[in-house]
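Open your viewer, switch to a cartoon view and keep the selection box handy. Each stop below tells you what to pick next and what you will find there.

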Amino acid sequence: LGTETFRVQMALAAKNININSTNTIYFPMTNYDRIVFVVHAHSQNVADGALITCEARQATSVAGAGAISMAANVTNTTITTSNAVNTIEIRADQMNTNAGYFYAGVLVYETNTRIATVSATAIRTSARWPQIPASMLG
């Protein structure tokens, strides 16, 4: 009845961070309804006291050279255990497209002056389901 499109891409190759933010990679959301970032904190991180914060961002350019802001109504996450995986989801309706924000990204940074190794994957989805008539809902 409907079509569904998935696109999986590397958002951040494994990288050591230390009280520095990563280079955020932004993905165009023009043909997608949502994006899920899967952020992995590698095994040595939190045992050494690292605190990893993940923030949902929106931008007006794919390189992040234009305006950047937090995506609306998205809960940012903190990774507090080693070898953990956290997810952040941004829906298209949570982005300020009227102001030209068509790119979604995740900013990952360490906040406790420790070295942390992180990586992230982006999964964009587009689901266009036809409306189901009320008579079929029983």
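## Start at an aromatic ring

Select F27 first: with a relative accessible area of 5%, F27 counts as buried, because buried means under 20% relative accessible area, exposed over 50% and partly exposed in between (1.4 Å probe, protein chains only). Before going further, note that this is a predicted model, in which local features need pLDDT of at least 70 and side-chain atom pairs count only at pLDDT 80 or more, while totals for chains, interfaces and linings use all residues. Residues are numbered from 1 along each chain as its sequence is written, and side-chain values use heavy atoms, with hydrogens and water left out.

Now add F37 to the selection. F37 is buried too, at 0% relative accessibility. One aromatic pair is counted here (rings of Phe, Tyr and Trp, the last by its six-membered ring, with centres within 6.5 Å; planes under 30 degrees apart are stacked, over 60 edge-to-face and the rest tilted). F27 and F37 make up that pair, which is tilted, with 6.1 Å from centre to centre and 50° between the planes. The two rings come from distant parts of the chain: F27 sits in strand β2 (residues 26-28) and F37 in strand β3, 10 residues apart.

## Zoom out to the whole chain

Colour by secondary structure next. You should find zero helices and nine strands (DSSP runs numbered from the N terminus; helices are H or I with at least four residues, strands E with at least two). From the N terminus on, the order reads β-β-β-β-β-β-β-β-β.

Of the 138 residues in the protein chain, 39% are buried. Contacts (heavy atoms within 4.5 Å) with a separation of 6 or more are 81% made up of residues 24 or more positions apart. Switch on the surface as well: the accessible area comes to about 7,500 Å², with 51% belonging to carbon and sulfur atoms (Shrake-Rupley method, 1.4 Å probe; for residues, only the protein chains shown count as cover).

## Follow β3 to β7

Select residues 34-41, which is strand β3. Which residues lie on its covered face, and which on the uncovered one? I35, F37, V39 and A41 are on the covered face, whereas R34, V36, V38 and H40 are on the uncovered one.

Bring in β7, residues 85-91. β3 and β7 pair in the antiparallel sense over seven bridges (two strands pair if DSSP finds at least two bridges between them). To see one of these bridges, click V39 and look for its partner in β7, N86.

Stay in β7 and pick I90. At 0% relative accessibility, I90 is buried. Leaving aside neighbours within four places in sequence, I90 has contacts that include M29, I35, F37, A56, R57, A71, V74, M95 and A104. If you draw a distance from its C-alpha atom to that of N73, 17 residues away along the chain, it reads 8.9 Å.

## Visit the salt bridges

Side chains of opposite charge can pair when their charged atoms come close. Show the charged side chains as sticks: three salt bridges are counted (a side-chain nitrogen of Lys or Arg within 4 Å of a carboxyl oxygen of Asp or Glu).

- **R34 and E89:** the closest N and O atoms are 2.6 Å apart. This pair links distant parts of the chain, with R34 in strand β3 and E89 in strand β7, 55 residues apart. R34 is partly exposed, at 33% relative accessible area, and E89 is partly exposed at 33%.
- **E55 and R57:** the closest N and O atoms are 2.6 Å apart. Both E55 and R57 are buried.
- **R91 and D93:** the N to O distance is 3.0 Å. R91 is partly exposed at 31%, while D93 is exposed at 57%.

## Finish in β9

For the last stop, select residues 115-128, strand β9. Click T125 in this strand: buried or exposed? T125 is buried, with a relative accessible area of 13%. Beyond its neighbours within four places in sequence, T125 touches T5, F6, Y32, D33 and R34.

Then pick S126, also placed in strand β9. S126 is buried at 8% relative accessible area. What does its side chain reach at 3.3 Å? The side chain of S126 reaches the backbone oxygen of N31, a polar contact (a pair of N or O atoms within 3.5 Å; within protein, one must be able to donate a hydrogen and the other to accept it, and residues adjacent in sequence count only if both atoms are side-chain atoms).
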